[in-house]
Amino acid sequence: QMATEDIFLVHGGVQEHYGQVTTIRKNQTPTLATLYANTEDSDSPLPVCSQAVACIASIMSYEVLNNLWDQPQLMNVLQIIELSDFTFSKIELG
């Protein structure tokens, strides 16, 4: 059984050709509310590129495995992917 501090969330999002992935752990990383404090909800559907969805989903699934192996790569890091120009970058969160 996992201890509370071992519970994690691998979060990803996609819009058009852009995507992002991060790992969130209680008391170890910023919360989703903190990360998205200045964003507004939209009632309209967001356009997405199916290839961006597949790319982000693949990275998310690998990060889930990394967390299960206790070797998260994206804790306190926001991995950003821009497929329109094939840019991959990271933003340190912690």
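**Exercise 1. The pocket lining**

How do the residues of the lining of the largest pocket divide into nonpolar, polar and charged?

*Solution.* Note before starting that the model is predicted.

Step 1. Begin with the space itself. Rolling a probe the size of a water molecule over the atoms shows where empty space is left. Here the largest pocket has a volume of about 300 Å³.

Step 2. List the wall. The lining of this pocket holds 13 residues. Nearest the pocket centre lie Val14, Gln15, Tyr36, Thr39 and Leu46.

Step 3. Assign the elements. Strand 1 (8-15) and strand 2 (18-25) are the elements that give two or more residues to the lining. Strand 1 gives the most, with five residues.

Step 4. Sort by class. Four lining residues are nonpolar, eight are polar and one is charged.

**Exercise 2. The salt bridge**

Find how many salt bridges the whole structure has, then place both partners and classify their exposure.

*Solution.*

Step 1. Recall the principle. Side chains of opposite charge can pair when their charged atoms come close.

Step 2. Search. The whole structure yields one salt bridge. Its partners are the side chains of Arg25 and Asp70, at 4.0 Å from N to O.

Step 3. Place the partners. Arg25 sits in strand 2, and Asp70 in the loop between helix 2 and strand 3. They are 45 residues apart, so the pair links distant parts of the chain.

Step 4. Classify Arg25. Its relative accessibility is 5%. Buried means under 20%, so Arg25 counts as buried.

Step 5. Classify Asp70. Its relative accessible area is 58%. Exposed means over 50%, so Asp70 is exposed.

**Exercise 3. Gln20 and its contact**

Is Gln20 buried or exposed? How far is its C-alpha atom from that of Ile80?

*Solution.*

Step 1. Locate the residue. Gln20 belongs to strand 2.

Step 2. Apply the cut-off. Gln20 has 10% relative accessibility and therefore counts as buried.

Step 3. Take the distance. The C-alpha atoms of Gln20 and Ile80 are separated by 4.5 Å. Along the chain, the two residues are 60 residues apart.

**Exercise 4. The nonpolar patch**

Which residues form a nonpolar patch on the surface? Place and classify Trp69.

*Solution.*

Step 1. Name the members. The patch consists of Tyr62, Val64, Leu65, Leu68 and Trp69.

Step 2. Give the area. Together these residues have about 510 Å² of accessible area.

Step 3. Place Trp69. This residue lies in the loop between helix 2 (50-68) and strand 3 (77-82).

Step 4. Classify Trp69. Its relative accessibility is 49%, so Trp69 counts as partly exposed.

Definitions and conventions: Residues numbered from 1 in each chain as written. Predicted model: local features only at pLDDT ≥ 70, side-chain atom pairs only at ≥ 80, totals over all residues. Heavy atoms only, no water. Patch = residues over 30% accessible without salt bridge, like charges linked within 9 Å, V, L, I, M, F, W, Y side chains within 5 Å. Areas by Shrake-Rupley, 256 points an atom, 1.4 Å probe, with all protein chains shown as cover. Helix = DSSP H or I, 4+ residues; strand = E, 2+ residues; numbered from the N terminus. Buried < 20%, exposed > 50% of the residue type's maximum accessible area, 1.4 Å probe, protein only. 1 Å grid on protein atoms, 1.4 Å probe; cavity = no way out; pocket = protein on both sides within 12 Å on 5 of 7 lines; lining within 4 Å. Points joined across faces, edges and corners; volume = space filled by probe spheres on them. Nonpolar A, V, L, I, M, F, W, Y, C, P; charged D, E, K, R; others polar.
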